[in-house]
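The following report describes selected side-chain contacts, charged pairs and a pocket in one protein chain. The sequence and structure are shown first.

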Amino acid sequence: MPYTIVWAWERREDLRWLPAGVGVAYVASSVNLEGSRIHVVPRANALFVRSNTLIIPVVHVDASWREPPELNATQRKILVDQVLKVARRAAEQNAARVVQLDFEARLSQRAFLTDVVKDIRAQLPAAMALSMTALASWCAGDYWLATIHADEVVPMVFRMGRDADRLRTQFATDNGFKRARCSTAIGFASDEPGLAQVAGQGVRRYFFSPLAWTPDIWRGLPMPSPISR
């Protein structure tokens, strides 16, 4: 696994210019939860990478605010099956043996997310790792991930809402997150004050950009030179 990875969101991305040793975690499909329904939307936009770029499929989950999902057994099974499907496809294409789940679950949805992660991990091949994103608050005062069945947790130190200043201060003061499940990988954004240099050399860095990636955006990232191990 590279120690520097960029997220390629659901838009056209040409990343053939990325430095060697930098990975790409791309949205392979989006899952929308609404009421009793679940809609799976495959990636619609082109992604271009060099043949030797390590790529990681991401399943992004949106839970409706207007019509909160029931989080029923059918929704759980379809979501789990979608992640497993994406993981199988990645293995067949010789991509990274990692699949990532991106679900910013609200408090009432945490039990559902916990069960989904447990189901995915139980059904994934032993050689396939399960990564999951996490809100920064989940790795600070609102920590609840101690028993989560993911192999990697990626707290996102950006778009942190009303607690942003407090969380940034804590992150900088503590030189990263100290919780056991939150100290090996961290997500940053290209357009927010950089905390990436606070993280140690052994921490995997994921980078999000609100705009399509360009060499200029890449060069402006607040980070050391890319690390590949």
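The side chain of Ser 64 comes to 3.2 Å from the backbone nitrogen of Arg 66. The coordinates behind this distance, and behind every other value in this report, belong to a predicted model.

**The loop between S6 and H1**

Ser 64 is part of the loop that runs between S6 and helix H1 (73–92). Is Ser 64 buried or exposed? Its relative accessible area is 14%, and because buried means under 20%, Ser 64 is classed as buried. Leaving aside residues up to four places away in sequence, Ser 64 touches Leu 33, Glu 34, Pro 69 and Arg 106.

Leu 71 is found in the loop between S6 and H1. Its phi angle is near 60°, a positive value in a residue other than glycine. With residues up to four places away in sequence again not counted, Leu 71 touches Leu 33, Ser 108, Gln 109 and Phe 112. Leu 33 thus appears among the contacts of Ser 64 and among those of Leu 71. As a wider reference, the C-alpha atoms of Leu 71 and Arg 181 are 25 Å apart in space, with their positions 110 residues apart in sequence.

Glu 67 lies in the loop between S6 and H1 as well, and it leads to the charged pairs treated next.

**Salt bridges**

Side chains of opposite charge can pair when their charged atoms come close. Across the whole structure, the search finds 13 salt bridges. Three of them are set out below.

| Salt bridge | Closest N to O distance |
|---|---|
| Glu 67 and Arg 37 | 2.9 Å |
| Arg 121 and Asp 151 | 2.6 Å |
| Asp 216 and Arg 219 | 2.4 Å |

Glu 67 and Arg 37 form a salt bridge with their closest N and O atoms 2.9 Å apart. This pair links distant parts of the chain, since Glu 67 belongs to the loop between S6 and H1 and Arg 37 to strand S4 (residues 37–42), 30 residues apart. Glu 67 is partly exposed at a relative accessible area of 33%, and Arg 37 is partly exposed at 34%. The pairing extends further, for Glu 34, Arg 37 and Glu 67 are linked in a network of salt bridges. Glu 34 is also one of the residues that Ser 64 touches. Beyond four places in sequence, Arg 37 touches Asn 32, Glu 67 and Gln 75. Between Arg 37 and Ser 183, 146 residues apart in sequence, the C-alpha separation is 35 Å.

The side chains of Arg 121 and Asp 151 meet in a salt bridge of 2.6 Å, N to O. Why does this pair tie together parts that are 30 residues apart in sequence? Arg 121 lies in helix H2 (residues 110–123), whereas Asp 151 lies in the loop between S8 and strand S9 (152–156), so the salt bridge joins those parts. The partners fall into separate accessibility classes: Arg 121 counts as buried at 16% relative accessibility, while Asp 151 is partly exposed at 45%.

Asp 216 and Arg 219 meet at 2.4 Å, N to O. Both residues lie in helix H4 (residues 215–219), three residues apart, about one turn of the helix. Asp 216 and Arg 219 are both exposed.

**Asp 191 and Arg 159**

Asp 191 occupies the loop between strand S10 (185–189) and strand S11 (204–208). At 42% relative accessibility, Asp 191 counts as partly exposed. Its contacts, not counting residues up to four places away in sequence, are Arg 159 and Pro 210. With Arg 159 there is a polar contact from side chain to side chain at 3.1 Å. Asp 191 and Ala 95 are 96 residues apart along the chain, and their C-alpha atoms are separated by 29 Å.

**The largest pocket**

Rolling a probe the size of a water molecule over the atoms shows where empty space is left. The largest pocket holds about 470 Å³ of space. Which residues lie nearest its centre? They are Glu 104, Leu 135, Met 156, Phe 158 and Arg 159, out of 20 residues that line the pocket. Arg 159 is also the residue whose side chain makes the polar contact with Asp 191.

Strand S6 (55–63), strand S7 (98–103) and strand S8 (129–135) each contribute at least two residues to this lining. By class, the lining comprises ten nonpolar, five polar and five charged residues.

Note on methods: Residues numbered from 1 in each chain as written. Predicted model: local features only at pLDDT ≥ 70, side-chain atom pairs only at ≥ 80, totals over all residues. Heavy atoms only, no water. 1 Å grid on protein atoms, 1.4 Å probe; cavity = no way out; pocket = protein on both sides within 12 Å on 5 of 7 lines; lining within 4 Å. Points joined across faces, edges and corners; volume = space filled by probe spheres on them. Helix = DSSP H or I, 4+ residues; strand = E, 2+ residues; numbered from the N terminus. Nonpolar A, V, L, I, M, F, W, Y, C, P; charged D, E, K, R; others polar. Buried < 20%, exposed > 50% of the residue type's maximum accessible area, 1.4 Å probe, protein only. Polar contact = N/O pair within 3.5 Å; in protein donor to acceptor, adjacent residues only side chain to side chain. Contact = heavy atoms within 4.5 Å. Salt bridge = Lys/Arg side-chain N within 4 Å of Asp/Glu carboxyl O.
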